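User: I would like to go through the labels used for this model and hear, for each, what value stands behind the label.

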Amino acid sequence: CEPAYASFAGPSLIITIPLTNEQSEHYKNFSHCMEVHKEGIVLAWQARFFENKIIIGVAGTKSFYGDKQPNKEEAFAKHNNLIQLNMINEIIPDCLSLAFGYDTKGKTLSAEEMATLEESGTARRWVGRRACAYDGFITVGPLYRHNQQVCNARCTTHLGSGGVSFGPASVVMSRSSGQNTDDLFVEKILKYADTRRVAN
C-alpha cells in the first residue's frame, strides 16, 4: 500500500544461450549464483544449465523513479541493462563468448552488442516498478492488491536483522500463514509493521 513515489525502477535481463551437444556435455553441471558490488551498484544473478541451454537471469541497479512507469527503451533501462551485461562478462565471459560467437573476455561490451543479443532473441530485457520496503523498520504480514489479500503471498522483512526485538514477530510470520498469536509483544510489533500501513 505504499504510494507510487516510494517505488524503485528495476531493470532485469535474461540471457538464454543454446548449446551444441558437445557444449552441453561440458556445461551439464553448470550452476552459478552471485552478488556483485561496485560503487553505487549491487547486482545479483543466477545462471544454470537447463535443457541444453545456459540461462542467466540478472537483476539489480535499481533507482528511484517516482510515480512514472519505466519503459525498457528509455536510456535508464538500456544503460543499466548494459551495465548488467558487462558485469556478467567480467565474471563468466566464457558463457557470453558462446552467445556472441567470439571471445568477450576482457572486453567492454557495447550498446550495439546488447542490441544484437536482443534482436537474436538471446537476451530479453525488462524494467518495471518495484515496491519499496523501507530500511530501518520491518514490514510483516500478508500482501494485498486492491485491498484484497493475496492468498499465497506474504512479506517478512528483517528476519532478525531489524534488531532482536523484531525477531519474534518475523519468526511468527515466516512460520505461519496467519498472524494469530497470544504474545502481546508480538501483536504490537505486527500492528506497527503491518503491510497495509501507508506512508504519510
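Analyst: The model is a predicted one, and a good place to begin is the hairpin formed by β7 and β8, which has two residues between the strands, with H146 in the turn showing a positive phi of about 55 degrees.

User: What makes β7 and β8 a pair of strands?

Analyst: A pair requires at least two bridges between the strands, and β7 (residues 140–145) and β8 (residues 148–156) share five bridges in the antiparallel sense, so they count as paired. In β8, C155 is the bridge partner of G141.

User: Why is C95 called buried or exposed?

Analyst: The relative accessibility of C95 is 0%, and because buried means under 20%, C95 counts as buried.

User: And why does C151 count as buried or exposed?

Analyst: C151 has a relative accessibility of 77%; since the term exposed applies over 50%, C151 is therefore classed as exposed.

User: How many disulfides are there, and by what rule?

Analyst: A disulfide needs a pair of cysteine sulfur atoms within 2.5 Å, and by this rule the count is zero.

User: What can be said of the protein as a whole, in terms of burial, contacts and surface?

Analyst: Of its 200 residues, 38% count as buried, and among the contacts with a separation of 6 or more, 61% come from residues 24 or more positions apart. The accessible surface of the protein comes to about 12,100 Å², with 51% of that belonging to carbon and sulfur atoms.

Conventions:
Residues numbered from 1 in each chain as written. Predicted model: local features only at pLDDT ≥ 70, side-chain atom pairs only at ≥ 80, totals over all residues. Heavy atoms only, no water. Buried < 20%, exposed > 50% of the residue type's maximum accessible area, 1.4 Å probe, protein only. Contact = heavy atoms within 4.5 Å. Areas by Shrake-Rupley, 256 points an atom, 1.4 Å probe, with all protein chains shown as cover. Helix = DSSP H or I, 4+ residues; strand = E, 2+ residues; numbered from the N terminus.
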